[in-house]
Amino acid sequence: MFCIRGCGRRVAASLTKQHLASVRFGGDSAAPWTPHFDVVVIGGGHAGTEAAAAAARCGSRTLLLTHRVDTIGQMSCNPSFGGIGKGHLMREVDALDGLCSRICDQSGIHYKVLNRRKGPAVWGLRAQIDRKLYKQNMQKEILNTPLLTVQEGAVEDLILTEPEPEHTGKYRVSGVVLADGSKVYAESVVLTTGTFLRGMIVIGLEMHPAGRLGDQPAIGLAQTLEKLGFVVGRLKTGTPPRIAKESVNFSILNKQTPDNPSIPFSFINQTVWIKPEDQLPCYLTHTNPRVDEIVLENLHLNCHVKETTRGPRYCPSIESKVLRFPNRVHQVWLEPEGMDSDLIYPQGLSVTLPAELQEKMITCIRGLENAKMIQPGYGVQYDYMDPRQISPSLETHLVQRLFFAGQINGTTGYEEAAAQGVIAGINASLRVRHKPPFVISRTEGYIGVLIDDLTTLGTNEPYRMFTSRAEFRLSLRPDNADSRLTFRGYKEAGCVSQQRYERASWMKSSLEEGISMLKSIEFLSTKWKNLIPESSISSGKSLPLRALDVLKYEEVDMELLARAVPEPLKKYTQCRELAERLKIEATYESVLFHQQQEIKEVQRDEALQLPKDLDYLTLKDISLSYEVREKLHFSRPQTIGAASRIPGVTAAAIVNLLRFVKTTQQRQAAMNRVPKTDQQLHDTDRLEESQL
């Protein structure tokens with residue numbers, strides 16, 4: 001047993017020595033204090049809270065280590081959750097009994113579904129969130145979770161032991177070392193360090209170490225990971241200034257009101273905590289040529305923009321927008337930060353100019369002519385680990401039982417962090433119990449798309465989820481995340497409560513019954529037109545139509561259909577969610593059949609497992625170029641399908657890899673039965689190659 005940094009110099013942490021390891025909170029207060037846990041989670045952000053809660057739900061005694069307990073659940077950047085693609089991730093986290101969706105339903109102040117003009121497969125659930133309320137509700141949830149203990153402390157090092165021979169990896173993690181030298185032992189460790197790994201805050205030409213404004217960075221832990229041999233990269237992000245609400249002239253701006261009714265994020269909630277009429281509006285304004293001038297004239301005063309570190313492509317700073325899209329007008333959404341907050345968050349105005357220039361720029365914008373800046377915007381630069389160094393379970397290849405989740409893997413956004421956190425927490429717990437990992441494929445969910453993209457493609461800029469990243473988005477909809485993941489989470493991981501499982505089971509059986517009933521009701525089109533005159537059903541030809549076919553018409557919903565055929569359809573309108581899901585199922589019935597065939601083809605490739613102990617660099621019985629060998633060695637794909645998605649791995653290499661795996665499997669199986677002849681093996685290889 002050893003610590004990678006040994007007895008070398010330790011960097012000062014954010015808490016003084018008397019605070020470290022002295023503050024302890026827990027939902028399992030009756031449990032005796034022990035320095036040994038099943039799972040230790042480092043970091044109390046969106047990934048860390050989901051990971052810690054998931055591990056505890058799975059039955060593991062879990063410790064959440066955070067610099068400060070009062071920052072658990074803090075929304076460091078935008079006061080919102082969800083959006084296009086991101087709302088899908090939240091629904092999937094909720095389907096696995098995660099926290100963020102339920103907390104958002106208790107803390108939102110403006111709920112709206114984006115992308116309504118398109119089909120329901122790409123609708124984006126989104127909400128403005130009360131920062132203070134979200135943090136309060138998240139802390140209440142975390143501090144009252146059974147089997148979960150929360151402790152203040154800064155982690156400086158990892159405790160490592162000899163690796164388990166049956167698994168790949170150079171080391172095995174067995175605990176952590178805190179800044180005061182005390183140790184906490186664990187069977188699995190989850191790192192969710194956010195922007196804290198050698199974090200650096202930038203405003204203008206000024207730079208100072210910080211993970212976020214007011215919090216010290218994690219220097220020692222970053223050095224440990226680098227010395228272990230992890231490939232480390234550098235990314236940057238930023239946040240807008242905060243503006244006094246009273247100084248904004250809202251009367252001349254475009255007002256956006258919330259949806260009525262508000263759609264909750266969580267499957268177990270029928271409504272959100274606040275009525276639509278009590279919610280707060282958002283307002284839209286725009287930049288102008290004067291904003292561009294200020295940015296361009298002062299680029300020499302902005303080292304964040306001049307840095308070669310990659311920033312977010314899809315949530316860029318105003319400086320990046322001006323440079324990348326010259327002579328354009330850009331949207332700025334003015335978003336409230338809370339019911340009783342005096343601050344406005346100008347979404348789309350992330351900036352790192354010197355503070356006085358930020359204020360000058362703000363007052364050039366319509367509605368903000370007299371705006372008062374309360375806090376300047378700033379940039380953050382931080383270390384991340386190349387995500388091709390982790391497996392789909394989020395366990396690292398290099399160190400056994402060490403899991404990464406969140407921005408440490410190169411992602412950006414609360415939702416992406418939460419999605420990784422719940423998977424890392426589940427798998428950290430399963431690893432302790434020697435159970436198979438819980439892996440979501442890209443055919444099963446957006447979480448699978450996210451993790452597969454990271455582990456096979458890597459990233460050199462902050463990764464953000466969009467619906468366009470998913471090949472099978474008609475099947476991976478926000479409305480059916482429970483039917484895709486809740487049953488797996490309950491049976492395979494044990495992370496789903498009985499209440500949620502029963503709710504999902506009821507919905508599944510109700511949908512099946514409803515669809516069957518809609519298929520069984522059939523009238524001629526002329527009769528349907530008489531029953532539902534407002535529909536666009538053609539009465540020119542009298543053709544038989546099922547009720548399910550009628551429901552496909554845009555203007556027809558279950559309420560309208562039930563009025564036409566009260567018995568037996570009326571009962572399916574009593575639950576709003578059930579009625580809406582029946583409509584969506586009808587909408588996509590025909591295209592889903594074809595997509596399911598495509599999914600099955602992909603799943604066949606995913607079913608072809610690659611041996612975990614393959615040494616691609618020295619493997620002799622297969623024809624692969626050295627470049628391909630290097631890529632496979634670095635990413636260590638677990639299936640033929642994953643290998644085929646690695647850039648630079650050719651189709652010929654996949655054929656050779658497939659032949660090698662199949663031949664190896666057949667020869668291994670032949671030891672227990674009558675072996676095939678060489679000619680039979682050769683014929684089988686030729687057939688598989690032609691099929692591929």
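The following legends describe close-up views of a predicted model.

**View A. Domain division of the chain.** An automatic or database assignment divides the chain into domain 1 (242-378), domain 2 (498-605) and domain 3 (608-671). Between the C-alpha centres of domain 1 and domain 3 the distance is 48 Å.

**View B. The second largest pocket and its position between two domains.** This pocket holds about 830 Å³ of space. Its lining is made up of 34 residues, and those closest to the centre of the pocket are Arg-116, Pro-120, Trp-123, Glu-580 and Ile-584. Two elements, α16 (558-564) and α18 (576-587), each give two or more residues to the lining. Because domain 1 (242-378) and domain 2 (498-605) both supply lining residues, the second largest pocket lies between these two domains.

**View C. Composition of the lining of the second largest pocket.** Sorted by class, the lining of the second largest pocket comprises 15 charged, 13 nonpolar and 6 polar residues. Helix α18 provides the largest share of this lining, with 8 residues.

**View D. The second largest cavity.** Empty space of this kind is revealed by rolling a probe the size of a water molecule over the atoms. In this predicted model the count comes to 3 cavities of 30 Å³ or more. The second largest cavity has a volume of about 40 Å³. Its lining consists of Ile-390, Pro-392, Thr-455, Thr-456, Ser-635, Arg-636, Pro-637, Gln-638 and Ala-642. By class, these lining residues divide into 4 nonpolar, 4 polar and 1 charged.

**View E. An open sheet of 3 strands.** The strands follow the order β5-β7-β6, and their pairing is antiparallel. Strands β5 (80-82) and β6 (108-114) stand at the edges; each has a single partner strand, so one side of each is left without a neighbour in the sheet. From one strand to the next, the twist averages 15 degrees.

**View F. Pairing of β5 with β7.** Strands of a sheet pair through backbone hydrogen bonds, in either a parallel or an antiparallel manner. Here β5 and β7 (residues 124-129) run antiparallel and are joined by 3 bridges. Within this pair, Phe-81 stands opposite Ala-127 of β7. Strand β5 is at an edge of the sheet, with a single partner strand.

Notes
Residues are numbered from 1 along each chain as its sequence is written. This is a predicted model: local features need pLDDT of at least 70, side-chain atom pairs count only at pLDDT 80 or more; totals for chains, interfaces and linings use all residues. Side-chain values use heavy atoms; hydrogens and water are left out. On a 1 Å grid over the protein atoms alone, a cavity is a set of points where a 1.4 Å probe fits but cannot get out, and a pocket is an open set with protein on both sides within 12 Å along at least five of seven lines; lining residues have an atom within 4 Å of a point. Grid points are joined across faces, edges and corners, and a volume is the space filled by probe spheres set on the points. Helices (H or I, at least four residues) and strands (E, at least two) are DSSP runs, numbered from the N terminus. Ala, Val, Leu, Ile, Met, Phe, Trp, Tyr, Cys and Pro count as nonpolar, Asp, Glu, Lys and Arg as charged, and the others, Gly among them, as polar. Two strands pair if DSSP finds at least two bridges between them. Axes are lines fitted to C-alpha atoms, for helices over the stretch in contact, and angles run from 0 to 180 degrees between N-to-C directions.
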